[in-house]
Amino acid sequence: MGNGPYAAFPFNISYLGPEKLDRKGANGNRRAPKMASTSSPLKPVLVGSVVGVLEISVTYPLEFLKRTLQLQQQASPLSRAAALSFRGPVHCALHTLHTHGPLGLYVGFSSFVVFAGPRSAIRWGSFETLRSAADASPWARRQRAAQVEAACGLGAGMVEAALGQTPSQAIATKMLHDASPAGPRRLHGLWHAVHTIYTEHGVRRGFFCGLQPAVIKGGATNCIRFPVYGMLKRLMADPAQPAATLPPARAVLCGGLAGVVSAVATQPIDTVMAQAMGLESHRCAGHHSSVSPHASFRRYP
């Protein structure tokens, strides 16, 4: 895998080019591999933005269904007063399509599109900063490159979760909650939602609510995904060539299975994060420490 901002992740989507070996040095030895020139730092940002938009364009309806059901809690006054309670994802999808059409499954999607570029820039910049610091560290020079890149990827993921993912998902979750059967339907579009959230809650409580569970989930996801992906990769590798690169189909399968395991394992944290980012985030007991699960599920008077 290359030394790029996504190099520690199972899918190296922002790889900028093949590594090149100098033919021979003056002493006849082959030199260390070098990355192709990365003269423009905007290239990985643009690539990451495009790939992120394409990915979320396909998967957002599933995100919509998941987040809608997570926000539907009997402990919530809004949910208890709603005229309709979804029985599951199929019921939610059919009702949304019948009531609002296909675009109903994309409520809050604009927030993810707007933040695609900043999230990619944050991920790229933080990874490169951590990688530069690791290159100068004696400890890092004693470790394997994969371990160093995994650690840098973990740190970059947590920084991205704090500065890019949290405000993006906070806006999208509030828009989705507002449009649900339990919502007051006061938010009309992204910019109106941003203005309303800022006016009513300010920056910290409006856009950075759920910061702690978001960062914990980002770190936990990577901590689970990397070992699972490595284990599956070793199991699927050719015994005669264990260090060879996996074929694309096997790599995708390994990454997909690792993603499923990490998603299932971090689902409780994700549910807490949804509660901390919804319209009733201010009702969470001790919203300043929204990591605590009982804060999101206590019964309100």
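In which helix is Gly 153 found? In this predicted model, Gly 153 belongs to helix α7. Gly 153 is buried, with a relative accessibility of 0%. Asn 222 is 69 residues away from Gly 153 in sequence. In space, their C-alpha atoms are 8.1 Å apart.

The overall architecture is helical. The protein chain contains twelve helices and zero strands. Along the sequence the pattern reads α-α-α-α-α-α-α-α-α-α-α-α. The chain has 301 residues, and 44% of them are buried. Among contacts with a separation of 6 or more, 69% join residues that are 24 or more positions apart.

The largest nonpolar core comprises 14 residues. Those with the most contacts inside this core are Ile 56, Tyr 60, Phe 64, Leu 65, Cys 92, Phe 112 and Leu 176. Four elements appear as givers of two or more residues: α1, α3 (89-100), α4 and α7 (145-179). The most comes from α1, which gives five residues. In soluble globular proteins, nonpolar side chains tend to be buried together.

Tyr 60 was examined further. Leaving aside neighbours within four places in sequence, Tyr 60 is in contact with Leu 105, Tyr 106, Val 107, Gly 108, Phe 109, Phe 112, Ala 172 and Leu 176. Two of these names, Phe 112 and Leu 176, also stand among the core residues with the most contacts.

Aromatic rings were considered next. A pair of aromatic rings is described by the distance of the centres and the angle of the planes. With centres required to lie within 6.5 Å, the count is four aromatic pairs. Tyr 60 and Phe 109 make an edge-to-face pair. Their centres are 5.7 Å apart, and the planes meet at 65°. This pair links distant parts of the chain. Tyr 60 sits in helix α1 (residues 42-71), whereas Phe 109 sits in helix α4 (residues 109-114), 49 residues apart. Tyr 60 and Phe 109 are both buried.

Tyr 60 also pairs edge-to-face with Phe 112. Here the distance is 5.4 Å centre to centre, with 70° between the planes. Tyr 60 lies in helix α1 and Phe 112 in helix α4, so this pair ties together parts that are 52 residues apart in sequence. Phe 112 is buried, as is Tyr 60. Ring pairs join Tyr 60, Tyr 106, Phe 109 and Phe 112 into a cluster.

Ser 126 is placed in helix α5 (residues 116-135). Is this serine buried or exposed? Ser 126 has a relative accessible area of 11%. Since the cut-off for buried is under 20%, Ser 126 is buried. A polar atom of the Ser 126 side chain lies 2.7 Å from the backbone oxygen of Ile 122. Beyond neighbours within four places in sequence, Ser 126 is in contact with Ala 156 and Val 159.

Helix α10 (residues 248-265) was checked for its span. At 1.5 Å a residue, its 18 residues should span 26 Å. The end C-alpha atoms are 26 Å apart, which agrees. Which residues of α10 are buried? They are Ala 251, Cys 254, Gly 255, Ala 258 and Ser 262. Seen down the helix axis, the buried residues of α10 fall within an arc of 95°, so they line one face. An α-helix has 3.6 residues a turn, so residues three or four places apart point the same way. On the other side of α10, Ala 249 and Val 264 are exposed. The cover over the buried residues of α10 includes α9 (211-236).

Gly 230 has its place in helix α9. Gly 230 counts as buried, at 16% relative accessibility. Gly 230 and Gly 255 are 25 residues apart in sequence. Their C-alpha atoms are 9.4 Å apart in space. Gly 255 is one of the buried residues of α10.

One backbone angle deserves mention. Most residues other than glycine have a negative phi, and most peptide bonds are trans. Arg 185 has a positive phi, near 55°. Arg 185 is found in the loop between α7 and α8 (190-207). The relative accessible area of Arg 185 is 43%, and this residue is partly exposed.

Notes: Residues numbered from 1 in each chain as written. Predicted model: local features only at pLDDT ≥ 70, side-chain atom pairs only at ≥ 80, totals over all residues. Heavy atoms only, no water. Phe/Tyr/Trp six-rings, centres within 6.5 Å; stacked < 30°, edge-to-face > 60°. Buried < 20%, exposed > 50% of the residue type's maximum accessible area, 1.4 Å probe, protein only. Polar contact = N/O pair within 3.5 Å; in protein donor to acceptor, adjacent residues only side chain to side chain. Contact = heavy atoms within 4.5 Å. Core = buried A, V, L, I, M, F, W, Y, C linked by side-chain atoms within 4.5 Å. Expected span 1.5 Å × (residues − 1). Arc of directions from axis to C-beta.
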